[in-house]
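This briefing covers the metal sites of the structure shown below. It is meant to be read alongside the sequence and the coordinates.

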Amino acid sequence: MSETRTGSPPTPRRQASSEPAPAYDPAEIEPRWQARWEADGLYHADVPEGGDPRPKHYALTMLPYPSGDLHIGHWYAMTPSDARARYRRMQGANVLFPIGFDAFGLPAENAAIQRNVHPREWTWRNVERMRGQLRLMGAMFDWRREAVSCDPSFLRWTQWFFLQFHAAGLAYRKRAAVDWCPSCNTTLAREQVVGEDRRCERCDTPVTRKELEQWFFRTTRYAEELLDFSGIDWPERVRTLQTNWIGRSEGARIRFPTEGGPEIEVFTTRPDTVWGATFLVLAPEHPAVGALTSDDRREAVAEYVERTARQTDVQREAADREKTGVATGGRAVNPASGERVPVWIADYVLPTYGTGAIMAVPAHDERDFAFARRYGLVVRPVIRPEGEEPLEGETMTEAAPVRGEMVDSGELSGTPAEEAYERVCAWLEARGAGERAVNYRLRDWLISRQRYWGAPIPMIHCAECGVVPVPESELPVTLPDDVEWRPTGESPLKLDPTWKRVDCPACGGPAERDTDTMDTFMDSSWYHLRYLSPGYDDGPFDAAEYRYWMPVDTYTGGIEHATMHLIYTRFFHKACRDLGVVQGDEPMLQLRNQGIVLGADSEKMSKSRGNVVAPDELVAEYGADTVRAYLMFFGRWEQGGPWSPDGIEGAVRWLRRVWSMLLDAPAEGGPTASPESLRALRRKLHQTIRQVTDDFERFQFNTVVSALMELANEMAKAAGEGAVGSEEWSEAASAYLRLLAPVAPHLAEELWHLRGGEASVHLQRWPAFDEEAAAEDELTLVVQVNGKVRDRLTVPAGVSRDEAEEQALASEGGRKFTEGLTVRKVIYVPGRLVNIVAS
Ligand SMILES: [Zn+2]
Ligand SMILES: [Zn+2]
């Protein structure tokens, strides 16, 4: 569709004031415009053919789960994002603002289980319902680009990505202890385990551990690069959360030979204390435990290992908890001191951190000290605290600080604190006993889920050939419909009698499909690429669309995704870049997070509290524009806040006022406002244009709305003074509707047309800011004497230097504080201050 932009501001069609203005009726206006925009393809965003000078702008809002009704949180996330996308478009960009559904995964599946409806049916029913609810927003979604992750045309490419990762060695299979939700009957990613007491994110049940053969993605291969945020404008808070999540620490890996068992590798951030390592502690799950356990300790060790399996990581790591452990009876050799040291197991050592084994330095580590005292193990100080006598291990009552000179450390004794780290690392490396290393808290991404409602993992297990990928030509591997999809602890797909049976693609013999499905975060890692060409069959996306639209310019959504989705999607993009599938280092250049809308009681909205605000009911009562306006107005977007019934009434009054004011007909005989009044109107208009523009840039939606409210007051005042019908009034009315269009798109469109506009207000250019018009008539000058403020003067805005200096010297404060002194110098800072230097 062509982008017609009318040059001159529209004037009202109604000529005589005898004709009454129609009432503001959003229930009539909003559906009418939504249908018209859809029919006109007003929000279609296409790759331009030939010379389109407009810059592109890909505005992405996080896609919803189709788990039921759209709630106010969706509106709060999406409608201000929509307003900003509209603002960008009016500024002259070609804007893509797509929407879709994150349709696989636990939320939909759990809801289906509760209601005893097949997940597919439940999901598609919700998708249909939520499409309608999304349309109520009046957002500029380009529906032609909708993508639904459970659709076979999407699923096919999710599986295709898995195959690419597998071929590149980025997907691998490993037997591992995994977090298991006994209620959802599935493994969880670490990110899906929440709270101090480690509960399932979905159902709040405490998580346990279980050993299963799983698929992982090598996210850790990108740990270092994921710490680099230099190319992207993301909030500090998200960067910090991701940085902590990745958890980089520098230190050394040190190898301890053992007697009769494999070498034990430890990671330590304090290699300079290695001479003080008087025992090793292994996680009970460590693979060397069996080999190191002596016969007389076997029973005690087995019992302890079993007890540990029943505990959560947080219980195991809790600082205030008594540290327990058992000796394995095995011995290792400290590679620095040559001393034989006992090997213990203890549950406070986690198998997932570092190497799952630590060297214990009780003299200088509080936790190791407590453990050593409890079990009568040797405490050997190897650091002498600065300015103090050497410590005695037997008499110490707590671990000593680890800053000071190295002692009792063989040939390195006497090394000062500042050299210790480097010298010990070099010493270990020279002897092949260890080396400098970096450790990350980040783990590889666990992909497998023992659930039904997800993308089947496109792999085949053959007794002859092992694990064989499904040939790309056979994608998608779709879900069977008639299985017991209610959770039983086994993968539902495993229980299907026929689905899993397949001929091995390699040898043709009988084989079985992988019966796990993928974590739904796999789908949301690349949905923004599917939007580019949702019907495309020759690849996950059309390369021409990719070249034009990517990367995402602005991504908006909740902070709760900081460490899950927002790390996964960056990893996914970087991995795909290295596979040659995408270009560039980052998928999303700018990220902004909205806060949460709380109930009117400042509590989280919940059915049980009865404080839930349902957007559909609000739309029915007030109209979508009012709901949009109030959600933008009621607080800082990134902070959120409590819903206020009074506040929404204020938004209602504002829009009604705008409605009647802009339909005011000129008085008979023409406008009667004074030139001063008209100039004041124009000044306020251009000051508002400047502010609203700046505020949209900074995602400050609340001040966008308050500035528009203020301007409306100012215009009402001018109208009362007889401004209607003047050139200034027409300019203000036209600009007002364009400023209002992103916030209240239906109302602005209706008024635009009622005032004689031909093409849609949403095709108009954003009002231009006129600096001269915005300048104040008068300004305040500060008068200083010798740098101290002594007076303030109101002067005409165009005051000259001579006049300003003269008035300052003549001011009361200026005269009083220079009395008896000689004025040496007068300094004038234009428009701001006059400083009189006198002595
Ligand atoms: Zn659960
Ligand atoms: Zn085979």
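What arrangement do the four donor atoms around the zinc ion (ligand 2) make? The model is predicted, and in it these donor atoms subtend angles of 107 to 113 degrees, which makes the arrangement tetrahedral. That follows because four donors count as tetrahedral if all angles lie between 85 and 135 degrees.

**Zinc ion (ligand 2)**

- The protein donors of this ion are the SG atoms of Cys-462, Cys-465, Cys-504 and Cys-507.
- These SG atoms lie 2.2 to 2.3 Å from the zinc ion (ligand 2).
- Along the chain, the donors of the zinc ion (ligand 2) follow the spacing C-x2-C-x38-C-x2-C.
- Cys-462 has a relative accessible area of 7%, so Cys-462 is buried.
- Cys-465 is partly exposed, because its relative accessible area is 35%.

**Zinc ion (ligand 1)**

- Cys-181, Cys-184, Cys-200 and Cys-203 are the protein donors of the zinc ion (ligand 1), each through SG.
- The distances from these SG atoms to the zinc ion (ligand 1) are 2.2 to 2.3 Å.
- The site of the zinc ion (ligand 1) is tetrahedral, with angles of 101 to 116 degrees among its four donor atoms.
- The spacing of the donors of the zinc ion (ligand 1) along the chain is C-x2-C-x15-C-x2-C.
- Cys-200 is buried, because its relative accessible area is 0%.
- Cys-203 has a relative accessible area of 27%, so Cys-203 is partly exposed.

Note on methods:
Residues numbered from 1 in each chain as written. Chains lettered and ligands numbered in written order. Predicted model: local features only at pLDDT ≥ 70, side-chain atom pairs only at ≥ 80, totals over all residues. Heavy atoms only, no water. Donors = N, O, S within 2.8 Å, 3.2 Å for Na, K, Ca; no water. Tetrahedral: all angles 85-135°; square planar, octahedral: opposite > 155°, others 65-115°. Buried < 20%, exposed > 50% of the residue type's maximum accessible area, 1.4 Å probe, protein only.
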